[in-house]
Amino acid sequence: LLIAIPTLTAVVLGGTGILSYARSATADGRVQQLATLSANMTVLAQGLEDERDQTVRFIALGPANGGRDSNAQAAELNVVTQTYAITNAAVATVTRELNQINSSFSAQTQQEATTAHTALQNLIQLRKAATLSQLPALVVVKKYTTIIQDMLALIDVTGQGASDATLGQDIRVLGLVSRMKEEASEQRAILTVGLLKHELDPNTLTALTSSLAAQQSNLASFNTTA
């Protein structure tokens with residue numbers, strides 16, 4: 001008994017410790033997987049932002065300047081479609097990684113991954129509507145913004161389950177920087193439309209001020225967190 005009891009205690013405690021380390025390693029492995037996905041998400045977000053810029057410029061040029069519904073639109077439309085090729089490569093990478101998010105991840109992570117996957121599936125229809133229909137430029141800006149925000153939302157849950165608190169803090173900072181960058185890009189797209197049309201109608205001005213306010217809010221959070 002003198003030998004058995006300490007031995008059994010050591011085995012139990014050792015097994016518990018090993019299980020704890022194993023769980024920690026598994027959680028960190030998931031965080032690593034999400035970190036890779038988040039890095040690729042930022043690349044995709046950049047591609048979508050560039051695509052949005054060129055698309056709304058194409059719309060705002062109008063029939064008289066080679067924009068939508070113009071007989072001379074081929075050259076301007078070609079610029080837009082060139083951005084598709086760049087974005088599509090990032091879409092393929094992110095889609096492949098989203099498909100690897102399974103039940104071993106948190107429910108919130110799975111939900112955000114599903115939302116991002118659906119958003120990317122809607123991208124093709126958005127492109128068609130933006131270039132072939134009469135969808136207003138501001139609506140196109142907002143629809144691209146929704147897709148990009150769905151991408152960036154997944155970054156916010158990357159640090160869940162990580163054993164390193166500093167890592168979680170760093171990931172939050174990355175998410176805030178990505179959002180501020182997206183809001184600046186959204187403002188650029190809105191101003192592009194305004195400059196080409198020589199006006200900012202009330203809806204466009206509201207969208208611009210809302211984006212500015214969101215950027216300032218995220219900047220305040222960044223200054224507190226970083």
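Reading along the sequence, the pattern here is α-α-α-α-α-α-α. That gives us 7 helices and 0 strands in the chain. Please keep in mind, everyone, that this is a predicted model.

A few overall numbers before we get to the helices. The chain has 226 residues, and 39% of them count as buried. About 12100 Å² of the chain is exposed, with carbon and sulfur atoms supplying 60% of that area. As for contacts, take those with a sequence separation of 6 or more: 76% of them are between residues 24 or more positions apart.

Now let's turn to helix H3, residues 107-121. I'd like to look at two of its partners, H5 and H2. As a reminder, two packed helices are described by the angle between their axes and the distance between the axes.

Let's take H5 to begin with, which covers residues 137-156. How do H3 and H5 cross? Their axes come within 9 Å, at an angle of roughly 155°. Angles over 145 degrees count as roughly antiparallel, so that is what we call H3 and H5. The crossing of H3 past H5 is left-handed.

Which residues meet there? On the H3 side you'll find Thr-109, Glu-112, Ala-113, Thr-115, Ala-116, Ala-119 and Leu-120, and they meet Ile-147, Asp-150, Met-151, Ala-153 and Leu-154 in H5. Sorted by class, this contact has 8 nonpolar residues, 2 polar ones and 2 charged ones.

On to H2, which spans residues 74-98. Its axis and that of H3 come within 10 Å and cross at roughly 145°. This crossing, too, is left-handed. From H2 the contact uses Val-91, Val-94, Thr-95 and Leu-98, while H3 brings Ala-113, Ala-116, His-117 and Leu-120. The split by class is 6 nonpolar, 2 polar and no charged residues.

If you have the model open, have a look at Ala-113, Ala-116 and Leu-120: these H3 residues appear in the contact with H5 and also in the contact with H2.

Let me finish with one residue of H3, Gln-110. Is Gln-110 buried, partly exposed or exposed? Its relative accessibility is 29%, so Gln-110 counts as partly exposed. And what does Gln-110 touch, leaving out residues up to four places away in sequence? The list is Ile-101, Asn-102, Ser-103 and Phe-105. Leu-98, which we met in the H2 contact, lies 12 residues from Gln-110 in sequence, and their C-alpha atoms are 9.1 Å apart.

Methods:
Residues numbered from 1 in each chain as written. Predicted model: local features only at pLDDT ≥ 70, side-chain atom pairs only at ≥ 80, totals over all residues. Heavy atoms only, no water. Axes fitted to C-alpha atoms, helices over the stretch in contact; angles between N-to-C directions. Helix = DSSP H or I, 4+ residues; strand = E, 2+ residues; numbered from the N terminus. Parallel < 35°, antiparallel > 145°, perpendicular 65-115°, else oblique. Left-handed = near helix turned anticlockwise from the far one by under 90°. Contact = heavy atoms within 4.5 Å. Nonpolar A, V, L, I, M, F, W, Y, C, P; charged D, E, K, R; others polar. Buried < 20%, exposed > 50% of the residue type's maximum accessible area, 1.4 Å probe, protein only. Areas by Shrake-Rupley, 256 points an atom, 1.4 Å probe, with all protein chains shown as cover.
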